[in-house]
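User: I'd like to go through a structure with you, piece by piece. Could you start with a single residue and work outwards from there?

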Amino acid sequence: MLSSPVRLIPRTIRLVHSPICNFSRSFMDLKVLLSSLNDFASLSLAESWDNVGLLVEPSPPHTVHTLFLTNDLTEEVMEEALQKKADLILSYHPPIFRPLKHITWKTWKERLVIQALENRVGIYSPHTAYDAAPQGVNSWLAKGLGVCTSRPIHPSKAPNYPTAGTHRVEFSVNCTEDLDKVISAVKEMADVSVTSFSTRTDDEEQTRISLNCSQEALIQVVAFLSQSRQFYQKTEILSLEKPLLLHTGMGRLCTLDESVSLATMIERIKRHLKLSHVRLALGVGRTLGVNDTSLWFLICISLMSLQSKLWPSALVLGARCCRGCRPTFTSQVRCPIMMFWMLCPKE
């Protein structure tokens, strides 16, 4: 990991009673606090491989007076959190990522869990949910690049919309007897919902049947419809896609309004991240002083090492000039410790 002379100071937040809550339920209740955190950035936005949310929960009820914020929960950070009498630790990176087969004193991650439970301290990690959120980590990183338009590289989808099920099956029936037969059969199937409405085709009154079903139930539906040639030949099967969420998702693709030199972009990044310096690997034959060009380079933001308390340091790799193009800048999270930005010419 890269190092930086800037110290990372974990933040401690003292919570107070909310004036809008009654005396029986205050904002300091763990469940209420978790609901507020989820309102800020829903855990459904996190990547499927990630381990987010409440990782360690003290036995309920649990009241949170002090919330401790950190980028990585190490043993040193845990010691500081206990000294400050924290009731909940919000660690950006999840200290528990792979399943633990036992909880002993042998490894530092197991010791973290033991200390948290013994001292009634909860551990919560948002990680990629905060990366994807409209007001999250990636959006904040992109703000340091200058005036630009920004959009997610991999947009997030609505978790529970528009309807239950992964497929919609539609077909028409001509008589009440067929309609009753279909409705009766569908009621026997799990994970299938049905709606019907009247239509007219070639001056003939028909009833249009629409079934929403899961992937597993789809096999049952098709098997039933295949028994009737009349149904099966007129069947349409649609794959349901959930709508994309605006300004939400992994990474950011940013197109700068004006081309800038490598030196200018580096200064912007340093100011935004409050770094005194960054490490730079220039392309062969390239210099910082090139003006009026578009630049193509990768910026890697190395977050706090698991073994240190250092703020991010930045690494700029592979700079190369592409004349006559407006640059596009990308910030992307790809693993638990690294964030990636890419500046490439706009086509």
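User: Leaving aside neighbours within four places in sequence, which residues is H272 in contact with?

Analyst: Keep in mind that this is a predicted model. H272 has its place in helix α9. Once neighbours within four places are set aside, the contacts of H272 are W140, L141, K143 and G144.

User: Is H272 buried or exposed?

Analyst: The cut-off for buried is under 20% relative accessible area. H272 has a relative accessible area of 17%, so it counts as buried.

User: Which element gives the most residues to the largest nonpolar core?

Analyst: That core has 30 residues, and L37, L88, L90, Y124, Y130, L145 and M265 are those with the most contacts inside it. Elements giving two or more residues include α1 (30-40), β4 (88-91), α5 (137-142) and β13 (252-256). The top contributor, with 5 residues, is α9.

User: How many residues are in the other core, the one that lies apart?

Analyst: This other core lies apart from the largest one, and V173, L179, L218 and V221 are among its members. Its count of residues is 18.

User: What do the buried residues of α1 pack against?

Analyst: The buried residues in α1 are L30, V32, L33, L34 and L37. Two of these, L34 and L37, are touched by Y124. As for elements, the buried residues of α1 pack against β2 (53-56), β4, β5 (122-125) and α4.

User: At the start of α1, which backbone nitrogen does a side-chain oxygen of D29 reach?

Analyst: The oxygen in question belongs to the D29 side chain, and it comes to within 3.0 Å of its partner. That partner is the backbone nitrogen of K31.

User: Over to the surface: is L282 buried or partly exposed?

Analyst: L282 sits in the loop between β14 (279-280) and β15 (294-302). It joins L280 and L288 in a nonpolar surface patch with about 210 Å² of accessible area together. Buried would need under 20% relative accessible area. L282 has 36%, so it is partly exposed.

User: Zooming out, what percentage of the residues in the protein are buried?

Analyst: The protein has 9 helices and 18 strands. It exposes about 19200 Å², with carbon and sulfur atoms supplying 54% of that. Of its 347 residues, the buried share is 46%.

Terms used: Residues are numbered from 1 along each chain as its sequence is written. This is a predicted model: local features need pLDDT of at least 70, side-chain atom pairs count only at pLDDT 80 or more; totals for chains, interfaces and linings use all residues. Side-chain values use heavy atoms; hydrogens and water are left out. Helices (H or I, at least four residues) and strands (E, at least two) are DSSP runs, numbered from the N terminus. Buried means under 20% relative accessible area, exposed over 50%, partly exposed in between (1.4 Å probe, protein chains only). Accessible areas come from the Shrake-Rupley method with a 1.4 Å probe; for residues, only the protein chains shown count as cover. A nonpolar core is a set of buried Ala, Val, Leu, Ile, Met, Phe, Trp, Tyr and Cys residues joined through side-chain atoms within 4.5 Å. Contact means heavy atoms within 4.5 Å. Patches are made of residues with over 30% relative accessible area and no salt bridge: like charges are joined within 9 Å, nonpolar side chains (Val, Leu, Ile, Met, Phe, Trp, Tyr) within 5 Å. A salt bridge is a side-chain nitrogen of Lys or Arg within 4 Å of a carboxyl oxygen of Asp or Glu. A polar contact is a pair of N or O atoms within 3.5 Å; within protein, one must be able to donate a hydrogen and the other to accept it, and residues adjacent in sequence count only if both atoms are side-chain atoms.
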